[in-house]
Amino acid sequence: MRSLPSIIHLDMDAFFAAVEQAAKPSLRGKPVIVGGLGGRGVVSTASYEARRFGVHSAMPMAQARRLCPNAAFLSGRFEAYRQTSEIVMGLLRELSPLVQPLSLDEAFVDLEAGPYGPALLEADHETGERLVLALAEDLRADIHRLTGLTGSVGAAGSKLMAKIASEQAKPDGLVMIEPGQERAVLGPMPVRALPGIGPATEQVLRRAGLNTVADLAEAGEAELVQLAGRAHGAGIFQMSIGLDERPVIADQDAKSVSVEDTYEVDLADRERVLREVEALAGRCVRRLRAAGRSGRTVVLKVRRFDFSTLTRSETLGGPTDDETVITATARRLAEQVDITGGVRLLGVGVAQLADYTQEDLFAQALREEAAEHAEAAAEAEEAEEPEAVVVRRWMPGQDVRHEEFGPGWVQGSGVGRVTVRFETPWSERGRVRTFAVDDPALEPSRPLPLRRDEGTDAAPGAGDGPAEGA
């Protein structure tokens, strides 16, 4: 364990929603919810304004609409999120070559391995802590200067405590946990505060009367090993007393992304198993997208009633993060597994990862819509009916450009019309106009940068005059 809090953890605040607010002046200070907008969609990120109504990540979108009906509900713009993430990660790498990204908006940094390492190692304890705080404050200021966004930073002597510190710092704060204070900080926290303790392990510990981290430390390693297994139990005990020797690993390249659940009662009904697999596939895709990755191989893990474990996999033609494709593949694999006797654990993963290269979600929706219309056209041709017309689909939040009015974004569409607000990240709140969905003057466009480069002119029509249709 380190004597200086020289490991920092950065977690951007409500990242996807914050990028949308920074890009769209009319949404600043208002509730914004990003995620899947279909009937089975879930919330990816909610702004802090939306969280006041009880909206949170992984909540069904239908429930979020009931809790906060006046929010702006937007589909994801992953190209914009990647652009902003690259700026943030670049600032972290100026502090140290040892940067371990966990997702687009979260990373650990080992300051001792960077240019300030010698000064930290030579400084007395008080001076070293002041330097860490100064570096962290400068980082937060630089992020805001270059992106307009805020991030929360935790500093500590280990990765475990740095992440806990950044949680305490949210939103838009900085918390340092001094080495030696680990047990005092951890003790009152619920057991779920420790990484690796999920719902199933939490239930096992609660049944044993272990509700807080202090309870775990007091129980001792032997009892935790008995409850959670040798490796997991020993790891839980070490963390409960504040010991974490895990190093910061630069640019850790995950080989797969997966999620799994253990069930208190074995699942014996095949339809229930398939529903659980679909839910797991959705969670896996959200984790995949958050990491900015796609993958070629879908993997299904099944642990049966007798603790025997099966894995089945299918390799696709190319990397994807398409939830429909991954869910259908996982379901197809599950249909081939014998569940006689019951299933106690299910898992869905994606392997053979690649960098996220697919277009924005609205482009994916366009492909799906085009496929649906193509099928309808084929059916119409067989019935000797007039050929079906493919109509463009516009997704809320999508970047667009109009020949006359310049850049803007889609507020909504329906009944053959699309409503667009014309504004840029650096303009005033813009005007709203409505067009036919097939207006040839309106086209999809790439995201604009959140900060206006010197010499860049605002596009014509962006932010001119008073707002309409607010």
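Two strands count as paired if DSSP finds at least two bridges between them. With that in mind, welcome to this predicted model. Here strand β1 (residues 7–12) and β6 are joined by five bridges and run antiparallel. The points below start from β6, move on to an open sheet with a helix lying across its strands, and end at a single arginine.

**Strand β6 and its partners**

- Strand β6 covers residues 106–110 and is mostly covered, with five of its five residues buried.
- On the β1 side of the pairing, Asp 11 stands opposite Glu 106 in β6.
- Strand β5 (residues 99–103) also pairs with β6, in the antiparallel sense and over four bridges.
- Within that pairing, Gln 100 is found opposite Phe 108 of β6.
- The link from β5 to β6 is a hairpin that passes through two residues.

**The two faces of β6**

- Side chains in a regular strand alternate between the two faces of the sheet.
- In β6, one side carries Glu 106, Phe 108 and Asp 110, while Ala 107 and Val 109 are on the other.
- Both of these faces are covered, and the five residues named are all buried.
- For your own accessibility checks, buried here means under 20% relative accessible area.

**The open sheet β3-β2-β4**

- Three strands form an open sheet in the order β3-β2-β4, and their pairing is mixed.
- β3 (43–46) and β4 (72–74) are at the edges with a single partner strand each, so one side of each has no neighbour in the sheet.
- On average, neighbouring strands of this sheet are turned by 25° against each other, direction ignored.
- Strand β2 (residues 32–35) is joined to β3 by three bridges, and the two run antiparallel.
- Gly 35 has Val 43 in β3 standing opposite.
- Helix α1 (residues 15–23) lies across β2, β3 and β4, and runs at about 120° to β2.

**A look at Arg 206**

- Arg 206 sits in helix α9, which spans residues 199–207.
- Is Arg 206 buried, exposed or partly exposed? Its relative accessibility is 33%, so Arg 206 counts as partly exposed, a class that lies between the buried cut-off of under 20% and the exposed one of over 50%.
- Arg 206 and Val 191 are 15 residues apart in sequence, and their C-alpha atoms are 8.9 Å apart in space.

Key. Residues are numbered from 1 along each chain as its sequence is written. This is a predicted model: local features need pLDDT of at least 70, side-chain atom pairs count only at pLDDT 80 or more; totals for chains, interfaces and linings use all residues. Side-chain values use heavy atoms; hydrogens and water are left out. Axes are lines fitted to C-alpha atoms, for helices over the stretch in contact, and angles run from 0 to 180 degrees between N-to-C directions. Contact means heavy atoms within 4.5 Å. Buried means under 20% relative accessible area, exposed over 50%, partly exposed in between (1.4 Å probe, protein chains only).
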